[in-house]
Amino acid sequence: MSRIGKAPITVPKGVEVTPGKGTVTVKGPKGTLTQKMDSDITVEVKDGIITVSRPTDQKRHRALHGLYRALIANMVKGVSEGYKTEQELVGVGYRASNKGQMLELSLGYSHNINFQLPVEIKVTTTSEKGANPKVILESHDNALLGMVAAKIRSLRKPEPYKGKGIKFAGEVLRRKAGKSAAKK
C-alpha cells in the first residue's frame, strides 16, 4: 500500500465533499474546487473521513493512489484554511503595486510589467522603507497559486552573484564568488 494513499483525510466543519463519477467536488467557506479523477480510483466519505482506494497493486494504480489522495487533501485544506505565498523583489529600484487584479512590476527593464491575475487569487503588495518590496498571493487553489507564483518569479529570476530578482520569502539562494575572489 502507498503510505500517502492509505492515510485518511479528516474533513473539517463547514467543508462538504461530494465524490461523483470521475470527479470529486470540495465545497467550503473559502470556495469550491473540483478535481477530475481516474475511473479506477475510488473515493469514499464516511463520518467526516475521506478514504481513497485502488483496485490492484499495478504501478500505475499505486502512483495514482497517492497522487489523488494528496490532491484531495490539498483541496480540503484550501477551502477551509487557504494558501498564502510571499515573494520579495530584491534589487535597486524594484517596485510592485496592484490595482485590483492587475499587478504592476518594475524590475529594472526599460518598461513596467503588467501581470493580470486570475480572479481566484487575492494579491497585496507592501513596500516598507528599508525592506524589500513584497508581493503576497492568497488563494484556496494550491495548484493555481503555485503556477502564478512561478510565473511571477520567472519574470526576473534571482541571479547568483548579487541575488537580484524575485525570490520566495525565506528562500536561500546559492551565491557565487565572482571574479574578484580569483585574484587573491
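Colleague: In this predicted model, which residue does D57 meet in a salt bridge?
Modeller: Look at the side chains here: the N to O distance is 2.8 Å. A salt bridge needs the nitrogen within 4 Å of the carboxyl oxygen, so this pair makes the cut. The partner of D57 is R54.

Colleague: Is R54 buried or exposed?
Modeller: Let's start with D57, which is exposed because its relative accessible area is 52% and the cut-off for exposed is over 50%. For R54 the relative accessible area is 13%. Buried means under 20%, so R54 is buried.

Colleague: How many residues apart are D40 and R60?
Modeller: Their side chains meet in a salt bridge, 3.2 Å from N to O. D40 sits in the loop between β4 and β5, while R60 belongs to helix α1, so we're looking at a link between distant parts of the chain. In sequence, the two are apart by 20 residues.

Colleague: Which residue is linked with D40 and R60 in a network of salt bridges?
Modeller: We already have the D40 and R60 pair. Both count as partly exposed, D40 at 29% relative accessibility and R60 at 43%. The network also takes in D38.

Colleague: Where is R153, the salt bridge partner of E171?
Modeller: The closest N and O atoms of this pair are 2.7 Å apart. E171 lies in the segment after β13, and the pair links distant parts of the chain. R153 counts as buried at 18% relative accessibility, and its place is in helix α2.

Colleague: Which element supplies the largest share of the largest nonpolar core?
Modeller: In soluble globular proteins, nonpolar side chains tend to be buried together. The largest core here has 21 residues, and β7, β9, β10, β12 and α2 each supply at least two of its residues. The largest share is five residues, and it comes from α2.

Colleague: Which residues touch the most other members of that core?
Modeller: One of them has plenty of partners beyond its neighbours within four places in sequence: L105 is in contact with residues including L89, I113, V135 and I152. A second, separate core has 18 residues, among them V11 and L33. Back in the largest core, the ones touching the most other members are L105, L137 and I152.

Colleague: Which residue has a positive phi although it is not a glycine?
Modeller: Check the loop between β5 and β6. The residue there has a phi of about 55° and counts as exposed, because its relative accessibility is 81%. That's D47.

How values were computed. Residues are numbered from 1 along each chain as its sequence is written. This is a predicted model: local features need pLDDT of at least 70, side-chain atom pairs count only at pLDDT 80 or more; totals for chains, interfaces and linings use all residues. Side-chain values use heavy atoms; hydrogens and water are left out. A nonpolar core is a set of buried Ala, Val, Leu, Ile, Met, Phe, Trp, Tyr and Cys residues joined through side-chain atoms within 4.5 Å. Buried means under 20% relative accessible area, exposed over 50%, partly exposed in between (1.4 Å probe, protein chains only). Helices (H or I, at least four residues) and strands (E, at least two) are DSSP runs, numbered from the N terminus. Contact means heavy atoms within 4.5 Å.
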